Amino acid sequence: MTQRIRFGAGTLDAVGDVVAELGCTRVFLLAGERHATAVARVRSLLGPAAVGRFAGARMHTPIEVTTAVAPRVRLLRADAVLAIGGGSATGLAKALAARLPLRQIIVPTTYAGSEVTPVLGETVAGVKRTRRDPRFLPDAVIYDPDLSMTLPWGLTVTSAINAMAHPVEALYSPELVGGRDPAAAGRAADALVLLHDGLRALREDERSRSARAGLLRGAWYAGQALASAQMGLHHRLCHVLGGTFALPHSATHTVVLPQVVSYNAPAAAVTMGILRRALGVADAPRGIFDLAVRLGAPTSLAELGMREEDVAAAARLTLGSTNYPNPRPATTAEITRLLAAAWHGARP
Ligand code: NAD
């Protein structure tokens, strides 16, 4: 399925055209209070076609939120959901569209990348499960970098490093590194460069709109990389830590990524070469870790509030879950060691 994508400053103003192109007439908004200005703009552009709003999307898409909102959306006879926000708002849009006949329009304000993947992660009774289905892929995305200008520095950094994890994991897959899909491999590498350079430019000038645009484009390409490959050990670990131990999504990715890259490095020479070139570093795992340190991001699971005694349980849950591809197989003991390093924030 192809998506309609609009990219550029001010593209939120095209929301009416996008809704019309999809043939929709009753749009339900998913947007938190902090997006009040964008919501007001959308309401003025859509007029009576904006039929309702929910502001309480939560991280890791708990199923009880979805089942609480779905009857309202049905009652209002909405034919589209329009999410303004990060991956949490997008996740709720996907979860609703999985249950009701709804088109999805996403206006991303973080770098999560979920808007271009057919992947839905939902948490049921403390367990996060992901499903992949072309029906989950949003119909349209409006990338307006102006809406990401307010993202605080801390979230900007962790969200961008979360986005980096998508091409990193995609670049382990035989399709991409084996040369079978050079265009997708090139895009994945481009995503890394855009995200890395965007962070550097934003650090020099926190008000830079071009840096924000570069980061958002990087997030777009990163999401496409995730869509083109299966998720491996890194994403699996983060789903366990987020779903069962309620750790914050992008910060968890930031802490775990260098540790998993370090674990996989001996079995992924080609990928490490791509990472070194994209980030301009001599060693990929250390390069990612040092980037987080330099930008003031968390480097340990302890900082995120995880208890040390939960490390072993998280390792068991990771291994006990469904199969996932990874360049280097892992035993429970190896995952426990990896998680312990992440808990302490050890430099790889
Ligand atoms: P989020 O959507 O929860 O946003 C984090 C915080 O940032 C929230 O408090 C939000 O209100 C705030 N925020 C968002 N945009 C802002 C802005 N422009 N200015 C100021 N504050 C802003 O977090 P996230 O990291 O974007 O998304 C995490 C969720 O996305 C998780 O549930 C994760 O599983 C999911 N996800 C799914 C996929 C997929 O392909 N299925 C990919 C990535 C992430």
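Select C238 first. In this predicted model, C238 has 4% relative accessibility, under the 20% cut-off, so the residue counts as buried. Now add C24. Its relative accessibility is 8%, so C24 is buried as well. Do not look for a sulfur bridge at either stop: a search of the whole structure finds 0 disulfides. A disulfide would be a covalent bond between the sulfur atoms of two cysteines.

**Helix 9 and L237**

Move to L237, which lies in helix 9. Helix 9 covers residues 233-243. L237 has 1% relative accessibility and therefore counts as buried. Show the residues around L237, leaving out those up to four places away in sequence. The contacts are V256, V260, T318, I335, L338 and L339. Now draw a distance from L237 to T318. The two sit 81 residues apart along the chain, yet their C-alpha atoms are separated by 5.9 Å.

**The largest nonpolar core**

Next, colour the largest nonpolar core, a set of 48 residues. Which members touch the most other members? Pick Y111, M164, L199, L257 and V261. Several elements give two or more residues to this core, among them strand 8 (140-143), helix 5 (153-170), helix 7 (182-204) and helix 8 (209-228). Helix 10 (249-264), helix 11 (269-279) and helix 12 (284-294) do so too. Helix 7 supplies the largest share, 9 residues.

Centre the view on M164. Ignoring residues up to four places away in sequence, M164 touches L192, L195, H196, L199, L257, L279 and L291. A second, separate core holds 24 residues. To find that one, select V240, L241, V255 and L339, which are included in it.

**Helix 8**

Select helix 8 alone. Is this helix enclosed or open? Of its 20 residues, 14 are buried, so helix 8 is largely enclosed by the rest of the structure. Check its length as well. At 1.5 Å a residue, the 20 residues should span 28 Å. The end C-alpha atoms are 29 Å apart, which agrees.

**The largest pocket**

Switch on a surface and go to the largest pocket. It holds about 990 Å³ of space. The lining counts 46 residues. To find the centre, select G86, G87, S88, A89 and T110, the lining residues closest to it.

Which elements give two or more residues to the lining? Start with the strands: strand 2 (27-31), strand 4 (80-85), strand 6 (119-124) and strand 7 (127-132). Then add the helices: helix 4 (87-97), helix 5, helix 9 and helix 10. The largest share of the lining, 5 residues, comes from helix 4. Helix 5 and helix 10 were also on the list for the largest core.

**Strand 5 and Q104**

Go to Q104, in strand 5 (residues 103-108). Buried or exposed? Q104 has 1% relative accessibility, so this residue counts as buried. Display its contacts, again skipping residues up to four places away in sequence. V81, A93, K94 and A97 are among them. R135, F136, L137, P138, D139 and A140 also touch Q104.

**Two positive phi angles**

Now look at backbone torsions. Select T61, in the loop between strand 3 (50-54) and helix 3 (63-75). T61 is not a glycine, yet phi is positive, near 45°. At 8% relative accessibility, T61 counts as buried.

Jump to A125, in the loop between strand 6 and strand 7. A125 has a positive phi of about 50°, although it is not a glycine. Its relative accessible area is 79%, so A125 is exposed.

**Two last distances**

Select P48, in the loop between helix 2 (36-46) and strand 3. P48 counts as exposed because its relative accessibility is 77%. Draw a C-alpha distance to R26. The pair is 22 residues apart in sequence and 8.0 Å apart in space.

Finish at G154, in helix 5. The relative accessible area of G154 is 45%, so this residue is partly exposed. Measure across to G296: C-alpha to C-alpha, G154 and G296 are 7.4 Å apart, with their positions 142 residues apart in sequence.

Definitions and conventions. Residues numbered from 1 in each chain as written. Predicted model: local features only at pLDDT ≥ 70, side-chain atom pairs only at ≥ 80, totals over all residues. Heavy atoms only, no water. Core = buried A, V, L, I, M, F, W, Y, C linked by side-chain atoms within 4.5 Å. Buried < 20%, exposed > 50% of the residue type's maximum accessible area, 1.4 Å probe, protein only. Helix = DSSP H or I, 4+ residues; strand = E, 2+ residues; numbered from the N terminus. Contact = heavy atoms within 4.5 Å. Disulfide = S-S within 2.5 Å. Expected span 1.5 Å × (residues − 1). 1 Å grid on protein atoms, 1.4 Å probe; cavity = no way out; pocket = protein on both sides within 12 Å on 5 of 7 lines; lining within 4 Å. Points joined across faces, edges and corners; volume = space filled by probe spheres on them.
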